[in-house]
Amino acid sequence: MDVKCKDLIIKGKAKSVYNTDTKGKLIVEFRDDITAFDGGKKDVLTNKGGYNAKVSAFFFAYLEQNGVKTHFFTMLDPHHMVVRKLEMFPLEVIVRNIAAGSIVRNYPFEEGTLLDPPLIVIDYKDDARHDPMLNDEIILALKLVTSAELKKIKTVALEVNRLLSALLEAQGITLVDFKIEFGRQGKTIYLGDEISMDSMRLWDKKTGESLDKDVYRFEKGDVMAIYNKVAQRITGPVKKQ
Ligand code: ADP
């Protein structure tokens with residue numbers, strides 16, 4: 001795909017987004033910056049962006065094959081992804097299969113409790129307000145999306161959960177929870193942003209070990225060695241267990 005990078009339009013905490021010479025297409029650069037705790041902990045970890053981009057591209061392609069509309073077109077190189085330009089919704093759509101992280105800190109769930117059916121939690125994407133949790137009424141009152149869009153977002157989020165859980169399960173990994181972002185182009189809703197070790201909580205099925213950003217948050221081990229291994233495990237051939 002012959003797409004050339006032009007001006008920087010968004011510099012987020014871990015990715016940069018560039019306009020291109022092609023209408024309706026952007027380039028997302030997966031940088032090596034890693035942050036946690038609302039930006040309170042920050043580092044640069046060589047190759048992190050490459051591992052996350054590889055896993056994201058693999059998941060987007062898999063989801064597309066299974067009927068989910070995503071912004072993904074192709075990778076230009078290990079850090080640069082060509083995507084469809086979306087009008088992003090300021091929503092962090094979180095799907096939880098097992099209680100862990102903020103849901104355990106903020107509510108009386110015990111860590112490790114199975115959440116069946118999975119919980120969908122939607123946060124308002126606003127760093128200055130620390131991404132507060134929304135409910136349907138607030139989302140509609142703020143006109144962040146229409147009620148038809150909200151319904152669609154929830155349906156697609158659960159479908160993504162079903163598809164990713166099955167794929168990861170086959171690699172001996174439990175999908176504990178994940179965060180995704182959606183946007184629209186015209187009237188069509190697409191899954192945007194990334195799906196990576198930075199945005200999922202993954203536990204090894206056998207050992208219970210963390211295989212995601214919790215390794216960085218809580219200094220549980222060599223973050224890049226684990227990201228490298230997980231990226232290979234996710235994108236590689238299905239292992240016999
Ligand atoms: P953050 O600081 O919000 O964590 P990132 O470092 O992940 O952000 O930067 C990525 C930014 O690009 C986010 O603001 C995200 O909403 C936006 N984005 C992701 N995919 C697209 C897309 N297809 N079109 C437009 N913007 C996008």
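User: Hi! Where should I start: how many bridges join strand 3 to strand 7?

Analyst: Five bridges join strand 3, residues 25–30, to strand 7, and the two strands run antiparallel. Keep in mind that this is a predicted model.

User: Thanks! Which residue is the bridge partner of I27 in strand 7?

Analyst: That is V82.

User: And how many bridges does strand 7 have with strand 6?

Analyst: Four bridges join strand 6 to strand 7, again in the antiparallel sense. M75 has M81 of strand 7 as its bridge partner. Strands 6 and 7 also form a hairpin, with two residues between them.

User: Is strand 7 mostly covered or mostly open?

Analyst: Mostly covered, since four of its five residues are buried.

User: What about the side chains of a strand, which way do they go?

Analyst: In a regular strand they alternate between the two faces of the sheet.

User: Let's switch to the ligand. Which residues are closest to it?

Analyst: The closest are K13, A14, K15, H71 and K125, out of 15 residues that surround the ligand.

User: What polar atoms does the ligand have around it, and how far away are they?

Analyst: A polar backbone atom of K13 is 2.7 Å from an oxygen atom of the ligand. H71 uses its side chain: one of its polar atoms lies 2.8 Å from a ligand nitrogen. D193 offers a backbone N or O atom, 3.2 Å from a nitrogen of the ligand.

User: How much of the ligand does the protein cover?

Analyst: The protein covers 87% of the 560 Å² of accessible area that the ligand has on its own. Strand 2 (15–20) and strand 7 (80–84) are the elements that give two or more residues to the shell around it.

User: You mentioned D193. Where is it, and is it buried or exposed?

Analyst: D193 sits in the loop between strand 13 and strand 14. Its relative accessible area is 16%, under the 20% cut-off, so D193 counts as buried. D193 also has a positive phi of about 55°, although it is not a glycine.

User: What sign does phi have in most residues?

Analyst: Most residues other than glycine have a negative phi.

User: Which residue in the loop between helix 3 and helix 4 has a positive phi?

Analyst: K143, with phi near 55°. Its loop runs between helix 3 (136–141) and helix 4. K143 counts as exposed because its relative accessibility is 70%, whereas D193 is buried.

User: What about the peptide bond from D116 to P117, cis or trans?

Analyst: That bond is cis, with omega near 5°. P117 belongs to strand 10, residues 114–124. As a general rule, most peptide bonds are trans.

User: Back to hairpins. What do strands 12 and 13 look like?

Analyst: Strand 12 (residues 182–185) and strand 13 (residues 188–191) pair in the antiparallel sense over four bridges. Q185 stands opposite T188 of strand 13. The two strands form a hairpin with two residues between them, and G186 in the turn has a positive phi of about 65°.

User: F182 is in strand 12, then. How far is its C-alpha from that of V93?

Analyst: The two C-alpha atoms are separated by 8.1 Å, although V93 and F182 are 89 residues apart along the chain. V93 is in strand 9, residues 91–98, and V93 is buried, with a relative accessible area of 1%. Among the residues V93 touches are I153, A157 and F182.

User: I153 and A157, which helix are those in?

Analyst: Both are among the buried residues of helix 4, along with others including L150 and V160. The 23 residues of helix 4 should span 33 Å at 1.5 Å a residue, and its end C-alpha atoms are 33 Å apart, so the two values agree.

User: And how long is helix 6?

Analyst: Helix 6 has 13 residues, 223–235, and reaches 18 Å from its first C-alpha to its last, close to the 18 Å expected. Its buried residues include M224, Y227 and R233. Helix 1, helix 4 and strand 11 are among the elements that cover them.

User: Last one: is T70 buried or exposed, and what does it touch?

Analyst: T70 counts as buried because its relative accessibility is 3%. T70 lies in the loop between helix 1 and strand 6, and touches F60, L63, E64, Y190 and L191, not counting residues up to four places away in sequence.

How values were computed
Residues are numbered from 1 along each chain as its sequence is written. This is a predicted model: local features need pLDDT of at least 70, side-chain atom pairs count only at pLDDT 80 or more; totals for chains, interfaces and linings use all residues. Side-chain values use heavy atoms; hydrogens and water are left out. The expected span of a helix is 1.5 Å times one less than its number of residues. Buried means under 20% relative accessible area, exposed over 50%, partly exposed in between (1.4 Å probe, protein chains only). Contact means heavy atoms within 4.5 Å. Two strands pair if DSSP finds at least two bridges between them. A residue is near a molecule or strand if one of its heavy atoms lies within 4 Å of it. A polar contact is a pair of N or O atoms within 3.5 Å; within protein, one must be able to donate a hydrogen and the other to accept it, and residues adjacent in sequence count only if both atoms are side-chain atoms. Accessible areas come from the Shrake-Rupley method with a 1.4 Å probe; for residues, only the protein chains shown count as cover.
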